[in-house]
Amino acid sequence: MKKKKILITGVAGFIGFSLARKIIQYKNFEVVGIDNINSYYNRKLKLKRLSLLKNKNFKFYKIDLIEKNKLYKLFEKNNFDIVFNFAAQAGVRYCYENPKSYTDSNIIGFINLSEMIKNFYVDRFIFASSSSIYGDQKPFPKKENSEVNPINLYSLSKFSNEQFAKSISKTINTTMVGLRFFTIYGPWGRPDMMILKYLISAYKKLSFPLFNNGDHYRDFTYIDDAINICFALLNKKMIGKFAIFNICSSKPIIITKILKEINKYSKKPLIKKKPRDKADVYKTYGDNKKINNFLKKKIKFTSYTIGVKNTCDWFLKNKNLFS
Ligand SMILES: NC(=O)c1ccc[n+]([C@@H]2O[C@H](COP(=O)([O-])OP(=O)(O)OC[C@H]3O[C@@H](n4cnc5c(N)ncnc54)[C@H](O)[C@@H]3O)[C@@H](O)[C@H]2O)c1
């Protein structure tokens, strides 16, 4: 049987790496990964993730989505069946510091990649969107057809991706699927996100900025659950050529409760209280019925107690990556 060829962008990142690691275990797939390995966070962690992907089913190229010529050559050489786009400037707070990184990677980069998808007749394009596009307004939980209200450049860039993909899906044969991820966490996670930031602060004896007294709710979703969904979407027959899915456990948890759970496994850092940040929404809470119905099963999401424990265990074993 001919192997399916899959491109994963942002493969040195948290979600891209986690998906590549799963797919390369299956002999009927070949994975090509690209990443610009930027220094938005710890490059040592990104390089370590890549070193774990040593496998004859995996190839890596250092390419930036902005480099259209390199993308063209990559697509010309490889006949990709499926493309996952996880490469992006992530994070909402950083958009006030470096807005250009969002327009370059998330908007121009996304359009460059979409052009390749179109010109090289890729069957399926699955891309990362974000829960942040819903903004702050009630009611909860947010359904895929709820009103959106992107309140910062990051969420605007993700919403523009969805709209662009929707419009081109009408003119080409590729099936386009946008995944609205809600606070994905777990082993090999992002050091700019709350759980790892707290653990690193404790380990390095740094102060941890606690915004709005920790009075924020996030729909924490464990990495393995998100990856199992991405994997299921590889082959699943789609109805129509464009779809959006929430990827969430549908169980919002207040930040202070997560911190208490981490404290069971780690020392506490010094807390530095900060006012609410203008980039942060108060609460994220998604409805996951659409993906459950589509996959025809009730997905059993990992509880936050197990997810936090696994993350802390992983961190304690891999602290040297953050020294
Ligand atoms: N982790 C979450 O909770 C979460 C939530 C919502 C949405 N998302 C989205 O999911 C995707 C993956 O997120 P993640 O948590 O793995 O982030 P990440 O930052 O760990 O991974 C992104 C990777 O993309 C690479 N990259 C950035 N710009 C690039 C460019 N122009 N060209 C090539 N590579 C580039 C980075 O070096 C990084 O390795 C992102 O699009 C992110 O916006 C993540």
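**Exercise 1. Find the loop that holds P141, and work out which peptide bonds around there are cis.**

Step 1. Start with location: in this predicted model, P141 lies in the loop between strand 5 and helix 5.

Step 2. Look at the bond leading into P141. F140 and P141 are joined by a cis peptide bond, with omega about -5 degrees.

Step 3. Now step back along the chain to P139, which is also found in the loop between strand 5 and helix 5 (153-169). The K138 to P139 peptide bond is cis, and its omega is near 5 degrees.

Step 4. Put it together: the bond from K138 to P139 is cis, and so is the one joining F140 and P141.

**Exercise 2. Trace the strand order of the open sheet and say which strands stand at its edges.**

Step 1. Read off the order. The open sheet has 7 strands, arranged 3-2-1-4-5-6-11, and the pairing is parallel.

Step 2. Go to the two ends of that order. Strand 3 (58-62) and strand 11 (242-247) each have a single partner strand, so one side of each is left without a neighbour in the sheet.

Step 3. Check the twist: ignoring direction, neighbouring strands of this sheet are turned by 20 degrees against each other on average.

Step 4. Zoom in on one pair. Strand 1 (residues 4-9) runs parallel to strand 2 (residues 29-35), and the two share 6 bridges. For a concrete register, take K4, whose bridge partner in strand 2 is F29.

A reminder while you have the strands on screen: pairing goes through backbone hydrogen bonds, in either the parallel or the antiparallel sense.

**Exercise 3. Describe the shell around the ligand: which residues come nearest, and which elements supply it?**

Step 1. Count and pick out the nearest. The shell has 28 residues, and G10, G13, A88, S105 and A128 come nearest to the ligand.

Step 2. Sort by element. Two or more shell residues come from each of helix 1 (14-23), helix 4 (99-119) and strand 5 (124-130). Helix 1 makes the largest contribution, with 3 residues.

Step 3. Sort by class: 13 shell residues are nonpolar, 11 are polar and 4 are charged.

**Exercise 4. Is helix 6 mostly covered or hardly covered, and what does it pack against?**

Step 1. Count the buried residues. Helix 6 has 10 residues and 7 of them are buried, so call it mostly covered.

Step 2. Name them: M194, I195, L196, Y198, L199, I200 and S201.

Step 3. Find their neighbours. The buried residues of helix 6 pack against strand 7 (184-185), strand 8, helix 8 (255-263) and helix 10 (304-317).

Step 4. Follow the chain out of the helix. Just after helix 6, K205 takes a positive phi of about 55 degrees, and K205 is not a glycine. K205 sits in the loop between helix 6 (194-203) and strand 8 (207-211). With 9 other C-beta atoms within 10 Å, K205 counts as exposed, because the limit for that is 12 or fewer.

Step 5. Compare N213, in the loop between strand 8 and strand 9 (217-218). N213 is another non-glycine residue with a positive phi, about 55 degrees. N213 has 13 other C-beta atoms within 10 Å, so this one is partly exposed.

**Exercise 5. Where is L270, and what does it touch?**

Step 1. Place L270: it belongs to strand 13 (residues 270-274).

Step 2. Ask how covered that strand is. Of the 5 residues in strand 13, the count of buried ones is 0. L270 itself has 10 other C-beta atoms within 10 Å, which means it is exposed.

Step 3. Find the partner strand. Strand 13 pairs with strand 8 in the parallel sense, over 5 bridges, and I271 in strand 13 stands opposite F208.

Step 4. List the contacts. Leaving out residues up to four places away in sequence, L270 touches S207 and F208.

Step 5. Take a long reach across the model: the C-alpha atoms of L270 and F80 are separated by 48 Å, with the two residues 190 apart along the chain.

**Exercise 6. Does the radius of gyration of the protein chain agree or disagree with a compact globule?**

Step 1. Get the expectation. For 323 residues, a compact globule would have a radius of gyration near 20 Å.

Step 2. Compare: the protein chain has 19 Å, so the two agree.

Step 3. Add the outline. The C-alpha trace spans about 50 × 45 × 40 Å along its principal axes.

Step 4. Fill in the rest of the picture. The protein chain has 10 helices and 13 strands, and 40% of its residues count as buried. Among contacts between residues at least 6 apart in sequence, 84% join residues at least 24 apart.

How values were computed:
Residues are numbered from 1 along each chain as its sequence is written. This is a predicted model: local features need pLDDT of at least 70, side-chain atom pairs count only at pLDDT 80 or more; totals for chains, interfaces and linings use all residues. Two strands pair if DSSP finds at least two bridges between them. Helices (H or I, at least four residues) and strands (E, at least two) are DSSP runs, numbered from the N terminus. Axes are lines fitted to C-alpha atoms, for helices over the stretch in contact, and angles run from 0 to 180 degrees between N-to-C directions. The radius of gyration is taken over C-alpha atoms; the globule rule is 2.2 Å times the number of residues to the power 0.38. A residue is buried if 20 or more other C-beta atoms lie within 10 Å of its own, exposed if 12 or fewer, and partly exposed in between; C-beta atoms are placed from the backbone. Two residues are in contact if their C-beta atoms, placed from the backbone, lie within 7 Å. A residue is near a molecule or strand if its C-beta atom, placed from the backbone, lies within 6 Å of it. Ala, Val, Leu, Ile, Met, Phe, Trp, Tyr, Cys and Pro count as nonpolar, Asp, Glu, Lys and Arg as charged, and the others, Gly among them, as polar.
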